[in-house]
Amino acid sequence: MIRMLRTSLSRLLRGWRVERNNPGMQANHPMVWDYDDVTKIRIGNDVYIGAFTEIAVISRSPFSSVPGALEIGDRTQIGSGCNIRACGGKIEIGANCIIAQHVSIIAANHEIRAGAIYRDLPWDATRQGNRIGKNVWIGAGVTILPGCSIGDNAIVAAGSVVTKSVPADEIWGNIPARRIRAIEP
């Protein structure tokens, strides 16, 4: 019982530190913040983060020489139940974005080697980090894999898996995500 209370209090304090350093954001609790350096988290004004979201920002890891960091631009909304993992790479999310529920944004994956224990392998530094441009709409249940960028004004359809970069002003969808059409001016 005491251990559960200690864990709950620790989570509240970690969230409070992030919110204190980023006063323009609103987080709907409960949610999980996992970080080793709160200064590597920069969140703009009028940002909303939905309940049951888990955000990990690890700037120093024995698995990677690439530091993790997170930047979220002004007026971005992140739906409930999202998983944002800025470990082994930086995640940048532009201003005025809509990120729907249950979206996963992953900055790094482990390397793959035959006969190796995957969880003990270092993170792959050749594909790391994510950049999401301004005014991007990411549908519910999307997964964005390491090394992928999404251009300004793009839309990614619900349930898609992004395995390569999405150009600006295009709609992409499917598994793996591919171009559906351009967004007309």
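**View 1. Ile-41 and its bridge partner in strand 6.** In this predicted model, Ile-41 has Leu-70 as its bridge partner, and Leu-70 belongs to strand 6. The bridge is seen here in the setting of the two strands: strand 3 pairs with strand 6, which covers residues 69–72, in the parallel sense and over three bridges.

**View 2. The open sheet of five strands.** Pairing is parallel in this open sheet, whose five strands follow the order 3-6-9-12-15. Its edges are formed by strand 3 (41–43) and strand 15 (149–150), each of which pairs on one side only. The wider inventory of secondary structure in the protein consists of 19 strands and one helix.

**View 3. Overall dimensions and packing of the chain.** The C-alpha trace extends over about 55 × 45 × 25 Å along the principal axes of the protein. The radius of gyration is 17 Å, which agrees with a compact globule, because a globule of 185 residues would have a value near 16 Å. Of the contacts between residues at least 6 apart in sequence, 30% link residues that are at least 24 apart, while buried residues account for 42% of the 185 residues.

**View 4. Surface and charges of the protein.** The exposed area of the protein comes to about 10,000 Å², with carbon and sulfur atoms contributing 54% of it. The protein carries 21 positive and 16 negative charges, and the mean positions of these two sets lie 5 Å apart.

Note on methods. Residues are numbered from 1 along each chain as its sequence is written. This is a predicted model: local features need pLDDT of at least 70, side-chain atom pairs count only at pLDDT 80 or more; totals for chains, interfaces and linings use all residues. Side-chain values use heavy atoms; hydrogens and water are left out. Helices (H or I, at least four residues) and strands (E, at least two) are DSSP runs, numbered from the N terminus. The radius of gyration is taken over C-alpha atoms; the globule rule is 2.2 Å times the number of residues to the power 0.38. Buried means under 20% relative accessible area, exposed over 50%, partly exposed in between (1.4 Å probe, protein chains only). Contact means heavy atoms within 4.5 Å. Accessible areas come from the Shrake-Rupley method with a 1.4 Å probe; for residues, only the protein chains shown count as cover. Lys and Arg count as positive and Asp and Glu as negative; His and the chain ends are not counted. The place of a charge is taken as NZ of Lys, CZ of Arg, CG of Asp or CD of Glu. Two strands pair if DSSP finds at least two bridges between them.
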